[in-house]
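Biologist: I'd like to learn how to read salt bridges and interfaces in a structure. Can we go through one together?

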2 protein chains.
Amino acid sequence: MLDRLRHIQQKKETAVCVGLDPDPERLPTPLRDGRLLTDAVREFCATIIEATAPYAAAYKPNFAFFEALGPAGLTVLDQVTAALPDDCLLIADAKRGDIGHSARFYAQSVYENMGFDACTVSPYLGRDSVTPFLEHEDTCTFVLARTSNDGAADFQGSCTCDGTPLYRHIAQQVAEWSTDATGTAGLVVGATAPEALAEIRRDAPTLPFLVPGVGAQGGDPSAVMDAAATDDGLVLVNSSRSILYASEEHDYADAAAQAARSLRDALNGR
Amino acid sequence: MLDRLRHIQQKKETAVCVGLDPDPERLPTPLRDGRLLTDAVREFCATIIEATAPYAAAYKPNFAFFEALGPAGLTVLDQVTAALPDDCLLIADAKRGDIGHSARFYAQSVYENMGFDACTVSPYLGRDSVTPFLEHEDTCTFVLARTSNDGAADFQGSCTCDGTPLYRHIAQQVAEWSTDATGTAGLVVGATAPEALAEIRRDAPTLPFLVPGVGAQGGDPSAVMDAAATDDGLVLVNSSRSILYASEEHDYADAAAQAARSLRDALNGR
């Protein structure tokens, strides 16, 4: 999976991941015309994908927004992901985390049934909650290390293991678990804490990073690349709201394309 | 929600929660007759619920098993939960955990759309990942503190915050967040670590506990009640596999009823 991601990034010259977080209250005006909400969300996502595809190495639907539409929301998610171009990675932002017996079913669901290339996973339940995901070939499992939200300080930053902050301890453990895994392991590290990005890159030199928190959350794109992108350490930088809702009017597709292109350029140092 | 749970437990004299983890490979023989898997899972859950209802204060479907059936699995989940008797609590074992903006959609999904009374939530992302659940009236949000699996030792047990183990720090924080919450907060504490149960009960004297890990995972029912059940501190003890798969033959309903009754009696000190 690392080779595929590297190939996509080199070919398209982009580290952008577009987060698909379709909030019904922020859908563009032209889609608020009385049609079914599921139809509006489907068209919104399809339009955003088509507009941003030249600038995106990956798409990351956040399951919260699709699940909130009920069972029909998962059908929409299936339709949205089926329409994605081949030259991008498809990441399930599901943040699942359960004991091993249940984790196997979550992994089967996202990787086998739904056909995602990658998935986000929460590490709180420890090794047996993560390894069932790592057993799937040609996938990349991004484990939450240091997230981009305010609450990240509550436990990730304030707790330590033998003097090491929890988020670094998790990164080190995931790096260890990844050595004998069938699939690829990666880490989620927020753009809002660039010093943590640099630390975790030292702890896990070859693990790919999925970096949320630029755009609406305030992280700086070039600081992310300086801190974390190396020859061996790939980085995907996610932006959701600042691309999806760049305009809520008829020009929303063009505005999204422009926001994605600007982020690509900022990440490429232009 | 606490009053309702107390009323149910007193009326039915039981602390049993039946976990609904329908594993396709363990469905009883009579349901393996060529019918659709979703139909088999629906009938299996309905039969288990009918058989165990006299002994159960709560049911806890684990979303992993329903999601693994695809979009149709969520329709099955809706049908299963709609058929539950009124005198039990309905707990979504979803272990969701995302930044505040996304957490609101997860909370809406389980509490408003799907009508669950309670939900399990992972604390790794901190306060803003939990409080959107606590804003829902007449609900109980069980936050993972000390889980019942082997991996619980990896981070929950080995990390500390100012000398306090992570699982206790989380329990203390949740107790604090619960004081100004609209909904009720609770904690998930595994039966496999009775000393942690007692510690966390001291940290959170009035929070209800959802206790997995008896049965297949080896926790002792009476040790759980001794450590955690008090006049102010309600306890629900979950068992999934040892009830669901008490028999895989034609007598599976009777066997499940007997397993649930035995657990009820063990928890009641009989």
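Biologist: Let me start with one residue: is D117(B) buried or exposed?

Modeller: D117(B) is buried, at a relative accessible area of 14%. The cut-offs are under 20% relative accessible area for buried, over 50% for exposed, and partly exposed in between, with a 1.4 Å probe and protein chains only. Before we go on, keep in mind that this is a predicted model, where local features need pLDDT of at least 70, side-chain atom pairs count only at pLDDT 80 or more, and totals for chains, interfaces and linings use all residues. Residues are numbered from 1 along each chain as its sequence is written, chains are lettered from A and ligands numbered from 1 in the order in which they are written, and side-chain values use heavy atoms, with hydrogens and water left out.

Biologist: And which residue does D117(B) meet in a salt bridge?

Modeller: The general idea comes before the case. Side chains of opposite charge can pair when their charged atoms come close. The rule here asks for a side-chain nitrogen of Lys or Arg within 4 Å of a carboxyl oxygen of Asp or Glu. D117(B) pairs with R4(B), at 3.1 Å from N to O. That pair links distant parts of the chain, 113 residues apart: R4(B) is in helix α1 (residues 2–12) of chain B, and D117(B) is in the loop between α5 and β4 (118–121). Helices (H or I, at least four residues) and strands (E, at least two) are DSSP runs, numbered from the N terminus. R4(B) itself is partly exposed, at 31%.

Biologist: What does K11(B) in helix α1 pair with?

Modeller: K11(B) forms a salt bridge with D87(B), with the closest N and O atoms 3.6 Å apart. D87(B) is in the loop between α4 and β3 of chain B, 76 residues away from K11(B). K11(B) counts as exposed at 55% relative accessibility, while D87(B) is partly exposed at 25%.

Biologist: How many salt bridges are there over all chains?

Modeller: The rule gives 28 over all chains, and 4 of them cross the interface of chain B and chain A. One that crosses is K95(A) with D98(B), 3.0 Å between the closest N and O atoms. K95(A) and D98(B) also belong to a network of salt bridges with K60(A) and D93(A).

Biologist: How do I read the size of that interface?

Modeller: The size of an interface is often given as the accessible area lost when the parts come together. For chain B and chain A the buried area (accessible area lost by two parts on being put together, 1.4 Å probe, summed over both) is about 4700 Å², and carbon and sulfur atoms give 59% of that. In chain B, F105(B), Y124(B) and F155(B) lose the most area to chain A, together 19% of what that side buries. By contact (heavy atoms within 4.5 Å), 57 residues of chain B touch 57 residues of chain A.

Biologist: Which element gives the largest share of the side of chain B that touches chain A?

Modeller: That's α5(B), with 7 residues.

Biologist: And how far do I trust the coordinates?

Modeller: Where pLDDT is low, the predicted coordinates should not be read in detail. pLDDT is the predictor's confidence in each residue, from 0 to 100. Chain A averages 95, and 100% of the residues score at least 70. The model as a whole scores ipTM 0.96 and pTM 0.97.
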